[in-house]
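Subject: Structure handover

Hi,

Here is the structure I promised to pass on to you. My notes on an enclosed space and a sheet follow below.

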Amino acid sequence: MNGKKITVIGSINMDLVTSTNQIPEVGETVLGHSFHSIPGGKGANQAVAAARLGADVKMVGAVGDDSFGKTLADHLSNQGINTENIMKVKDSSTGIASITVSEGDNSIIVVSGANNHVTPEVIEKNEDKIINSHILLLQLEIPLESVIRAVELAKKHRIITILNPAPIQKLPKGLLEMVDYLTPNEHEQALLFTSIEGTEQEVEKLKEKCIVTKGSKGVMINKNGEEIEIPSIQVEAVDTTGAGDSFNGALAVALSEGAEIEEACRFANVVGAISVTKLGAQSGMPTKKEVEEFLKIHNLE
């Protein structure tokens, strides 16, 4: 099997981004200073992140039969992503995320739309895409039963799986046991195991799969039973919206190329840091050349 072949199954959204000096409280109206429509969705974001780093990426997902749907499908294709398995769902809106950005942080409301049509049956029809991949990359903005079916098929064919458990929700123990890597942030990790039934030893074993992104505090991994902190790369943050997705896409690329977990996380950490220096989830995602230049400038090679 060749490295760098990655299948991403997940959401495709249009991000509607409003920048403001103050995020409003309930019932409050504030003035914003800019608005942008930007391609997004956690699945699409992670696919773009991997493709810009040189990976062979296939995207499985769905858009509506509206103008956003065509725009997003064309955009992903222009990023070098194989879009043959992106469905156009009749009489459905494309997913959107309404994002408010203030002082480098953000709040987000997601409306799933066509993403809800990525059913287990759709996953099964794309089993050949999973089989012919080195890495299967998933998130939680499509139906959970579809995520479970995709991981089952990957496990059957011994394909490495990365599950970014966001937006966080209760996950069955069986799914967590099948997944190879879990990539929660600190908040998600705190919630991920609160309702898992099992012995303390079983839960600790599941936690060892976690690669925890901690924003400006870096990344925490578990290697041979030992927790290892990987420090962050200090940059001036403009928009943190795509940082986690950039990290996940880069992690998939590094692992597909045979990197050990610590090396892969250091690389993904750099990619995530670069991504927050520009506005928009995808527009800040760096190319492989940009990563190499960043490493050279900051003496991180």
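Which strand gives the largest share of the lining of the largest cavity? That is β1, with three residues. Please keep in mind that this is a predicted model, in which local features need pLDDT of at least 70 and side-chain atom pairs count only at pLDDT 80 or more, while totals for chains, interfaces and linings use all residues. Residues are numbered from 1 along each chain as its sequence is written, and side-chain values use heavy atoms, leaving out hydrogens and water.

**The cavity**

A cavity here is a set of points on a 1 Å grid over the protein atoms alone where a 1.4 Å probe fits but cannot get out, and lining residues have an atom within 4 Å of a point. Grid points are joined across faces, edges and corners, and the volume is the space filled by probe spheres set on the points. One cavity of 30 Å³ or more turns up, and the largest holds about 30 Å³. Its lining consists of Lys5, Ile6, Thr7, Asp56, Lys58, Lys129, Asn132 and Ser133. Both β1 (5-9) and β4 (56-64) contribute at least two of the lining residues; strands are DSSP runs of E, at least two residues, numbered from the N terminus.

**The sheet**

Strands β11-β12-β13, in that order, form an open sheet with antiparallel pairing, where pairing takes at least two DSSP bridges between two strands. At its edges are β11 (212-213) and β13 (226-230), each pairing on one side only. Between β12 (residues 219-223) and β13 there are five bridges, and Lys223 has Glu226 in β13 as its bridge partner.

Best wishes

Conventions
On a 1 Å grid over the protein atoms alone, a cavity is a set of points where a 1.4 Å probe fits but cannot get out, and a pocket is an open set with protein on both sides within 12 Å along at least five of seven lines; lining residues have an atom within 4 Å of a point. Helices (H or I, at least four residues) and strands (E, at least two) are DSSP runs, numbered from the N terminus.
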